[in-house]
Amino acid sequence: MTQKRQKIRVAIVDDHQLVRSGIAALLRNENDIEVVIEASNGLEVLAKLKSLSPDVVLMDISMPTMNGIEATSRIRHAGGSTKVLVLTQYDHEEYIKRVMQAGASGYILKSAIAEELLRGIRAVHRAEQFL
């Protein structure tokens, strides 16, 4: 008897609707990934986390209300198994250091190719770091 493999449950957090929609469209083409949350800031994703419990959160850094660094810290200190993969335009060592200290499992630039993003999601889901 073949057991059906669970899909990787993903949250997309970015203050730009077009970015969220584009990433969601890309992920919908993958058999092993399911988008369960789309949020425009850290506070919004924190409110949705308890009921929807994603495996991986794709987190932008620069957002209104609550930025990605603060939201990442709160997600990791909540003690769940949700991993955070930061997806940002900022290619600065200081940002990488800050998000990793906040508890992110990985860091990927928005300029990366789609396959790189997919590798990153799968890697952090396996509890690996992805930079």
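Helices here are DSSP runs of H or I at least four residues long, strands are runs of E at least two long, and both are numbered from the N terminus. Keep that in mind as we walk through this structure, which is a predicted model.

Let's start with the sheet. Its 5 strands form an open sheet in the order 2-1-3-4-5, and the pairing is parallel. At the edges sit strand 2 (33-39) and strand 5, each of which pairs on one side only. Going from one strand to the next, the twist averages 25°.

Strand 1 (8-13) is a good place to step in. Strand 1 is mostly covered, with 5 of its 6 residues buried. On one hand, 6 bridges tie strand 1 to strand 2, and the two run parallel. On the other, strand 1 pairs with strand 3 over 4 bridges, again in the parallel sense. You can follow both pairings from a single residue, Ile12: its bridge partner in strand 2 is Glu38, and its bridge partner in strand 3 is Leu58. As for the route the chain takes, strand 1, helix 1 and strand 2 make a right-handed β-α-β unit.

Now slide over to the other end of the strand order. Strand 4 (residues 83-88) and strand 5 (residues 106-109) run parallel and are joined by 4 bridges. To get from strand 4 to strand 5, the chain passes through helix 4 (residues 93-102), and this β-α-β crossover is right-handed. If you want to see the register of the two strands, look for Val86, which stands opposite Tyr107 in strand 5. Leu87, for its part, has Ile108 in strand 5 as its bridge partner.

Is Leu85, also in strand 4, buried or exposed? Leu85 counts as buried because its relative accessibility is 0%, and the cut-off for buried is under 20%. Its contacts, leaving aside neighbours within four places in sequence, include Val56, Val57, Leu58 and Met59, then Gly106, Tyr107 and Ile108, and also Leu117, Gly120, Ile121, Val124 and Phe130. Leu85 also makes a handy sequence-versus-space example: Glu128 is 43 residues from Leu85 in sequence, and the two are 11 Å apart in space, C-alpha to C-alpha.

Next, the helices. Helix 2 (residues 42-52) packs on the sheet, where it touches strand 1, strand 2 and strand 3, and its direction makes about 135° with that of strand 2.

Helix 1 (residues 17-28) and helix 5 (residues 114-125) have axes that come within 11 Å and cross at roughly 75°. That angle falls in the 65 to 115 degree range, so helix 1 is roughly perpendicular to helix 5. From helix 1, Ile23, Leu26 and Leu27 make the contact, and from helix 5 it is Ala114, Leu117, Leu118 and Ile121. Leu117 and Ile121 were also among the contacts of Leu85.

Helix 3 and helix 4 pack at an angle of about 25°, and their axes are 8 Å apart. Angles under 35 degrees count as roughly parallel, so that is the label for helix 3 and helix 4. Where the two meet, helix 3 brings Ile69, Thr72, Ser73 and Arg76, while helix 4 brings Tyr95, Arg98, Val99 and Ala102.

Tyr95 deserves a second look. With 23% relative accessibility, Tyr95 counts as partly exposed. How many aromatic pairs does a search of the whole structure find? The search turns up 1. In that pair, Tyr90 and Tyr95 are stacked, at 4.6 Å centre to centre with 25° between the planes.

Finally, a bit of backbone. Most residues other than glycine have a negative phi. Thr65 has a positive one, near 70°. Thr65 is found in the loop between strand 3 (56-59) and helix 3 (68-77), and counts as exposed because its relative accessible area is 64%. Ala127 is another residue other than glycine with a positive phi, near 70°. Look for Ala127 in the segment after helix 5. At 58% relative accessibility, Ala127 counts as exposed, since the cut-off for that is over 50%.

How values were computed:
Residues are numbered from 1 along each chain as its sequence is written. This is a predicted model: local features need pLDDT of at least 70, side-chain atom pairs count only at pLDDT 80 or more; totals for chains, interfaces and linings use all residues. Side-chain values use heavy atoms; hydrogens and water are left out. Two strands pair if DSSP finds at least two bridges between them. A crossover is right-handed if, with the strands pointing away from the viewer, the path from the first strand over the helix to the second runs clockwise. Rings of Phe, Tyr and Trp (its six-membered ring) pair if their centres lie within 6.5 Å; planes under 30 degrees apart count as stacked, over 60 as edge-to-face and the rest as tilted. Buried means under 20% relative accessible area, exposed over 50%, partly exposed in between (1.4 Å probe, protein chains only). Axes are lines fitted to C-alpha atoms, for helices over the stretch in contact, and angles run from 0 to 180 degrees between N-to-C directions. Angles under 35 degrees count as roughly parallel, over 145 as roughly antiparallel, 65 to 115 as roughly perpendicular and the rest as oblique. Contact means heavy atoms within 4.5 Å.
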